[in-house]
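Please find below a few numbered remarks on the ligand sites and on one pair of aromatic rings, to be read alongside the coordinates.

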Amino acid sequence: MQHVQRMSTAASLPTERHDWTVPEVEALLNQPLNDLLFRAHQVHREHFDPNAVQLSTLLNIKSGGCPEDCAYCPQSARYDTGVNSEALLDVDTVLGAARNAKAAGASRFCMGAAWRAPKDRDIVKVAELIEAVKGLGLETCVTLGMLKPQQATQLKNAGLDYYNHNLDTSPEFYGEVITTRTYQDRLDTLGAVRDAGISVCCGGIVGMGEGVPDRAGLLCTLANLPEHPESVPINQLVRVEGTPLADQSPVDCFDVVRVIAAARIMMPKAYVRLSAGRKELGEAGQALAYFAGANSIFYGEQLLTTPNPLVDEDRQLFDKLGITAGASHPH
Ligand code: SAM
Ligand code: DTB
Ligand code: SF4
């Protein structure tokens, strides 16, 4: 019986589709929540251990002073948010943070820089950081802004495993949030990362005032890329005072869960990361997100500039839910 059910699910749900339409995904997102959760959880179980969650720790290696105007971002130099502009961290400082992350149980170390795009000399320095972190036996990820193909190759040669570059929202809503770079710029960077043989980490933000069609548009763009991103971070907007989006109304927790569930269904083998916003989501909201197919989190008390749940809080929640820390590889 189990076998028959699996076969019919497989027949109606081919594992890798790249031809999603926005109306189809809107319908997926608008289903009764229980129907959406049930389907997403089925897909999750077919591809992953449902009780394992991968842990990535973030470090802001170059804080603030960014020339871009991303309306959500506390690190833009255009907004008065209290985030200071600082120089790139040195290797010893980064290695110290990476050792701590490993000791706390993280398997991936993600380094973020508040750059529009790195200069070639920045790439040389970041390559040293990647080599050092990789030497500890951690997976490496960096997010540095727009990348040229040659720079992507240099990062790959340094041992980089993942590059994070988010599309953030739909092509249609994008201009409401960022004017200093185009959606196509972002797609070009993703192409350069993919061509260099680096795994792609790409997702977006829920709660910036976008509609359901925009959430569907983001998910369609991600799933219709030539290859699905290996990692899909779904961030809830962190409303930071001083940014243009500071007074945005809070997003409903079920809307975040719906986006996670749809991402799981559409990109069945991706690690779907429940990213910024976990503090607001609370324990019940997070538990629902794990059921919906989230199998990765940012782990550690700080995201880039804003707070994240404490390590002990995450451990307690995992204990309550019977979740083990670690990547379960897609099958
Ligand atoms: N400067 C680089 C860039 O923009 O590509 C890398 C760092 S940037 C902070 C990485 C991502 O963090 C953004 O694309 C956005 O999705 C997310 N992010 C930044 N601020 C956020 C906020 N206040 N709430 C939720 N997500 C946020
Ligand atoms: C991603 O999708 N979310 C992370 C990471 N990639 C770089 C960043 C979240 C930032 C939240 C606001 C802050 O802490 O500054
Ligand atoms: Fe700069 Fe990245 Fe923040 Fe945009 S999201 S302002 S590019 S640091």
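1. A residue is taken to be near a molecule if one of its heavy atoms lies within 4 Å of that molecule. Under that cut-off, the residues around ligand 2 are Leu 58, Pro 74, Thr 143, Asn 164, Asn 166, Pro 233, Asn 235, Phe 298, Leu 303, Leu 304, Thr 305 and Thr 306. The reader should keep in mind that this is a predicted model.

2. Sorted by class, the shell around ligand 2 comprises 6 nonpolar and 6 polar residues, with no charged residues. Oxygen atoms of the ligand meet the protein through both side chains and backbone: an N or O atom in the side chain of Asn 235 is 2.8 Å from an oxygen atom of ligand 2, a polar side-chain atom of Thr 305 lies 2.7 Å from an oxygen atom of ligand 2, and a backbone N or O atom of Leu 304 lies 3.0 Å from an oxygen atom of ligand 2. Of the 410 Å² that ligand 2 exposes when taken alone, the protein buries 89%.

3. Around ligand 1 there are 16 residues, of which Tyr 72, Thr 143, Asn 166, Asp 168 and Val 238 come nearest. By class, this shell holds 8 nonpolar, 6 polar and 2 charged residues. Thr 143 and Asn 166 are listed here and also among the residues around ligand 2.

4. For ligand 1, the polar contacts to note involve nitrogen atoms of the ligand and the protein backbone: a backbone N or O atom of Val 238 lies 2.9 Å from a nitrogen atom of ligand 1, a polar backbone atom of Tyr 72 is 3.0 Å from a nitrogen atom of the ligand, and a polar backbone atom of Ala 113 is 3.2 Å from a nitrogen atom of the ligand. The protein covers 91% of the 550 Å² of accessible area that ligand 1 has on its own.

5. Ligand 3 is surrounded by Cys 66, Glu 68, Cys 70, Tyr 72, Cys 73, Ser 76, Ala 114, Trp 115 and Arg 181, a shell of 6 nonpolar, 1 polar and 2 charged residues. As to where the ligands lie, ligand 3 sits in the largest cavity, the space taken by ligand 1 is the largest cavity, and the space taken by ligand 2 is likewise the largest cavity.

6. Turning to the aromatic rings, a search of the whole structure finds 3 aromatic pairs. One of them joins Tyr 290 and Phe 318 edge-to-face, at 6.0 Å centre to centre and with 80 degrees between the planes. This pair links distant parts of the chain, with Tyr 290 in helix 11 (residues 278-291) and Phe 318 in helix 12 (residues 311-321), 28 residues apart.

Conventions
Residues numbered from 1 in each chain as written. Chains lettered and ligands numbered in written order. Predicted model: local features only at pLDDT ≥ 70, side-chain atom pairs only at ≥ 80, totals over all residues. Heavy atoms only, no water. Polar contact = N/O pair within 3.5 Å; in protein donor to acceptor, adjacent residues only side chain to side chain. Areas by Shrake-Rupley, 256 points an atom, 1.4 Å probe, with all protein chains shown as cover. 1 Å grid on protein atoms, 1.4 Å probe; cavity = no way out; pocket = protein on both sides within 12 Å on 5 of 7 lines; lining within 4 Å. Sits in = over half its atoms within 2 Å of the grid points. Nonpolar A, V, L, I, M, F, W, Y, C, P; charged D, E, K, R; others polar. Phe/Tyr/Trp six-rings, centres within 6.5 Å; stacked < 30°, edge-to-face > 60°. Helix = DSSP H or I, 4+ residues; strand = E, 2+ residues; numbered from the N terminus.
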